[in-house]
Amino acid sequence: VLEFRNEYFKVMVVHIVFPFGGTLEKYIADALLAVWGSPYQGQDDAIMAVNAAIAMQWAMQKLNQEWTTQRRDLQIQIHIGLNTGMVAAGNIGSENLIQYTNIGDTMNVASRICTAAQAGEVYISASTMAKIAQFNLPLEKLALIKVKGKDEPLQLYRVLWQDAADIVTGKQIGRAHV
């Protein structure tokens, strides 16, 4: 199990999150939390995060194919949720353990968006969509979704990542890159 997870995390973090300018905040069981724009903000953080999410889905498809070839019974799907906004970032903890983290409503909503996405999907918030609109990514506007902790439902968009293999925004993504 550890070998499998390490292989998965290496692809997702070393081959995708880092090259697309993201920061790994933490591993959470079989998931990972990555952020863009923290600790250093860039103008292209939102599109780089979306590009990374697309690359992750392609990479997951490739990993599953490899695992099938190796006769492993493991086949997994990932779901990704992205949100854009202000966060409080810094070190938290005690004198015995300090961890750099991002907190606030933006992070909470990102978690809720991830939960709303199903296996094989990438959902983005309206704030993320506004930041990447100029790139004309293939998106599907979803019905309003009610999430825990929010009085008003969220407008979310599904990234049609299978149709976005050749997007170029400083880094090429898609099947050939992953």
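Here are some friendly notes on this predicted model, taken element by element.

1. Let's start with the hairpin. Strand β1 covers residues 23-28 and strand β2 covers residues 31-35, and the two pair in the antiparallel sense over five bridges. If you want a place to look in the viewer, try Tyr27, whose bridge partner in β2 is Leu32. Two residues lie between the strands, and Ala29 in that turn has a positive phi of about 55°.

2. Next comes the open sheet. It has four strands in the order β3-β6-β8-β7, and the pairing is mixed. The edges are held by β3 and β7 (139-141); each has a single partner strand, so one side of each is left without a neighbour in the sheet. On average, neighbouring strands here are turned by 25° against each other, direction ignored.

3. Inside that sheet, β6 and β8 run antiparallel and are joined by three bridges. Tyr123 is a handy landmark, as it stands opposite Arg158 in β8.

4. Two helices deserve a look against the sheet. Helix α2 packs on it, touching β3, β6 and β8, and its direction makes about 175° with that of β3. Helix α3 (residues 105-116) lies across β3, β6 and β8 as well, running at about 145° to β3.

5. Helix α2 is worth a point of its own. With 25 residues, α2 reaches 36 Å from its first C-alpha to its last, close to the 36 Å expected at 1.5 Å a residue. The helix is mostly covered, with 19 of its 25 residues buried. Just after α2, Arg71 takes a positive phi of about 65°.

6. Now for the interior. The largest nonpolar core has 36 residues, and those touching the most other members are Tyr8, Met12, Ile16, Trp36, Val50, Ile54 and Ile124. At least two residues of this core come from each of α1 (2-17), α2 (45-69), β3 (80-82), β6 (122-125) and β8. The most come from α2, which gives 15 residues.

7. Which residues does Met12 contact, leaving aside its neighbours within four places in sequence? The list is Val17, Leu32, Met56, Ala59, Met60, Leu63 and Ile78. Leu32 will be familiar from the hairpin, where it is the bridge partner of Tyr27.

8. Please don't overlook the second core. It is separate from the one above and has nine residues, including Tyr123, Leu142, Leu154 and Leu156. Tyr123 is also the residue that stands opposite Arg158.

9. A last stop is Gln162, in the segment after β8 (156-159). Is Gln162 buried, exposed or partly exposed? Its relative accessible area is 42%, which lies between the 20% and 50% limits, so Gln162 counts as partly exposed. Although Gln162 and Ile54 are 108 residues apart in sequence, they are 8.1 Å apart in space, C-alpha to C-alpha. Ile54, you may recall, is among the residues that touch the most other members of the largest nonpolar core.

How values were computed
Residues are numbered from 1 along each chain as its sequence is written. This is a predicted model: local features need pLDDT of at least 70, side-chain atom pairs count only at pLDDT 80 or more; totals for chains, interfaces and linings use all residues. Side-chain values use heavy atoms; hydrogens and water are left out. Two strands pair if DSSP finds at least two bridges between them. Buried means under 20% relative accessible area, exposed over 50%, partly exposed in between (1.4 Å probe, protein chains only). A nonpolar core is a set of buried Ala, Val, Leu, Ile, Met, Phe, Trp, Tyr and Cys residues joined through side-chain atoms within 4.5 Å. Contact means heavy atoms within 4.5 Å. Axes are lines fitted to C-alpha atoms, for helices over the stretch in contact, and angles run from 0 to 180 degrees between N-to-C directions. The expected span of a helix is 1.5 Å times one less than its number of residues.
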